[in-house]
Amino acid sequence: MVKICCIGAGYVGGPTMAVIALKCPKIQVVVVDISISRITAWNSDQLPIYEPGLDEVVKQCRGKNLFFSTDVENHVSEADIIFVSVNTPTKNRGLGAGKAPDLTYWESAARMIANVSTSSKIVVEKSTVPVKTAEAVERILTFNSSNISYQILSNPEFLAEGTAIQDLLNPDRVLIGGRETPDGQKAVQALKDVYSHWVPEDRIITTNLWSAELSKLAANAFLAQRISSVNAMSALCEATGADVSQVSNAVGKDTRIGPKFLNASVGFGGSCFQKDILNLIYICECNGLTEVAKYWEQVIKVNDYQKNRFVNRVVSSMFNTVSGKKIAILGYAFKKNTGDTRETPAIDVCKGLLGDKAWLSIYDPQVTEDQIKKDLSMNKFDWDHPVHLQPSNPAAVNQVSIVGDAYEATKDAHGICILTEWDEFKTLDFQKIFDNMKKPAFVFDGRNIVNVKKQREIGFIVYSIGKPLYPWLKDTPAVAKDK
Ligand code: NAI
């Protein structure tokens with residue numbers, strides 16, 4: 001029986017391995033992690049991450065050919081194929097601080113593999129890593145063990161949170177990079193054999209190692225760039241009276257462009273986009289490609305500009321101050337159908353409003369109070385470390401309350417900021433909400449999900465990103481300063 005071990009039971013390792021176990025009943029899959037609380041949760045009825053469809057897949061396989069364990073070394077030593085899906089945070093000090101990835105967790109995983117292995121291994125990079133990481137891992141492994149052969153493969157994960165299970169069951173492509181030697185190609189074939197249990201042959205792409213590593217960074221950079229492009233247009237629409245939804249609809253009908261990732265919003269978030277672009281920028285700079293680095297840097301700058309512009313719009317519309325005013329925050333996760341808050345635009349928006357002394361009442365259907373308080377008191381880049389190593393200072397968030405539903409959040413509020421596009425926000429009774437708010441009552445829709453016409457009929461002053469501005473808002477421009 002082929003044995004797979006995955007190091008890192010996170011948003012990628014957990015769902016990916018659960019689907020491999022589901023589709024390959026003859027393969028034994030063990031997911032290991034240094035975080036005891038994460039593994040305990042994976043073995044319970046309350047999985048550590050929310051992902052539609054995940055519960056069912058885990059329930060079907062757990063205890064049969066899918067296992068979660070903290071006994072990292074034992075399972076790694078027994079495995080034939082080892083996936084590494086650990087954190088790859090951005091460095092916050094030293095060489096490359098603010099851009100370069102911190103490969104501490106990767107390196108410690110590689111050293112541990114070298115220490116415990118007594119048989120040949122295929123080591124698969126599942127984490128997103130900079131180009132040439134495989135080479136570094138190969139060196140660590142070969143310099144630290146003798147008589148054991150290692151093949152390193154790059155198999156970046158393209159799943160999107162919120163649709164992870166669907167993406168894994170029916171991927172656009174699976175990418176496998178390996179050495180162009182006979183042994184390297186044998187290892188590529190072994191991994192191909194795993195995926196071909198359910199992925200059609202023509203969707204499994206094989207490349208050299210560096211192309212696979214770079215393709216992942218490039219794919220995320222292209223996706224984020226589309227969002228920054230449409231968000232840049234949204235600012236121009238507001239200034240000129242065009243409607244960004246109409247513009248993106250017209251643009252997206254062009255089959256060369258396509259309709260996806262063209263929704264204007266308060267900004268992109270998630271653990272990957274910013275980090276991967278920073279990573280790309282760093283690689284470009286290291287290779288002397290200053291203009292290329294600047295090009296990608298602008299994608300992040302526009303994203304920061306958009307979040308900043310949103311906060312300024314809120315404050316300027318509400319008589320230039322939100323000091324002491326209750327603002328309801330509806331939605332905190334970085335997108336719907338996930339409880340993940342890593343790099344969510346809500347963090348910057350909330351911090352911006354708190355900076356102007358607002359009182360925040362936050363509701364999100366999937367995010368816990370602890371998580372929100374932790375996020376709002378954490379320094380930039382500290383979030384991407386294993387949970388038990390994250391610093392936290394909850395005292396810094398005493399103007400924030402986290403509540404159990406949207407009606408409680410909005411009661412007696414002066415304004416509402418919609419920051420995640422949860423479906424349930426589309427069907428709220430906004431008349432009831434309006435009746436219970438201070439007047440004038442404001443809605444700032446950071447995801448363009450409310451019906452602007454209906455809201456205005458109720459009496460709200462509504463701001464929707466990239467839509468023609470209500471006269472009130474025209475008189476109070478969001479003077480955005482670049483960060
Ligand atoms: P995560 O933070 O949810 O999970 C990483 C896990 O690795 C944590 O549970 C941590 O405790 C564990 N870990 C760290 N060092 C370890 C070690 N030495 N031994 C055992 N366990 C260890 O991170 P996530 O989101 O799963 O991401 C993992 C990688 O995949 C990152 O490089 C990320 O950029 C990449 N990725 C993430 C995607 C996403 O949507 N979240 C999509 C595609 C790639």
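**Figure 1. Close-up of F261 in the predicted model, a residue in the loop between α10 and α11.** F261 is partly exposed, with a relative accessible area of 37%. This value lies in between the limits for buried, under 20%, and exposed, over 50%. The loop that holds F261 runs between α10 (244-252) and α11 (273-286). Although F261 is not a glycine, its phi is positive, at about 60 degrees. Most residues other than glycine have a negative phi.

**Figure 2. Close-up of D412 in the loop between α15 and β12.** The flanking elements of this loop are α15 (406-410) and β12 (415-418). D412 has a positive phi of about 65 degrees and is not a glycine. With a relative accessible area of 36%, D412 counts as partly exposed.

**Figure 3. Close-up of the cis peptide bond from K439 to P440.** The omega angle of this bond is near -5 degrees. Most peptide bonds, in general, are trans. P440 is placed in the loop between α16 (430-435) and β13 (442-445).

**Figure 4. Close-up of D202 together with R173.** D202 belongs to the loop between α8 (182-195) and β8 (204-208). The relative accessibility of D202 is 68%, so this residue counts as exposed; the cut-off for that class is over 50%. In sequence, D202 and R173 are 29 residues apart. In space, the C-alpha atoms of D202 and R173 are 8.4 Å apart.

**Figure 5. Close-up of the ligand and the residues that surround it.** The ligand is surrounded by 26 residues, of which the closest are D33, R38, T88, E161 and R342. Grouped by class, this shell comprises nine nonpolar, 10 polar and seven charged residues.

**Figure 6. Close-up of polar contacts between the ligand and Y11, S108 and T128.** At Y11, a polar backbone atom is 3.0 Å from an oxygen atom of the ligand. At S108, the side chain takes part: one of its N or O atoms is 3.5 Å from a nitrogen atom of the ligand. At T128, a backbone N or O atom lies 3.0 Å from an oxygen atom of the ligand. On its own, the ligand has 830 Å² of accessible area, and the protein covers 95% of this area.

How values were computed: Residues are numbered from 1 along each chain as its sequence is written. This is a predicted model: local features need pLDDT of at least 70, side-chain atom pairs count only at pLDDT 80 or more; totals for chains, interfaces and linings use all residues. Side-chain values use heavy atoms; hydrogens and water are left out. A residue is near a molecule or strand if one of its heavy atoms lies within 4 Å of it. A polar contact is a pair of N or O atoms within 3.5 Å; within protein, one must be able to donate a hydrogen and the other to accept it, and residues adjacent in sequence count only if both atoms are side-chain atoms. Accessible areas come from the Shrake-Rupley method with a 1.4 Å probe; for residues, only the protein chains shown count as cover. Ala, Val, Leu, Ile, Met, Phe, Trp, Tyr, Cys and Pro count as nonpolar, Asp, Glu, Lys and Arg as charged, and the others, Gly among them, as polar. Helices (H or I, at least four residues) and strands (E, at least two) are DSSP runs, numbered from the N terminus. Buried means under 20% relative accessible area, exposed over 50%, partly exposed in between (1.4 Å probe, protein chains only).
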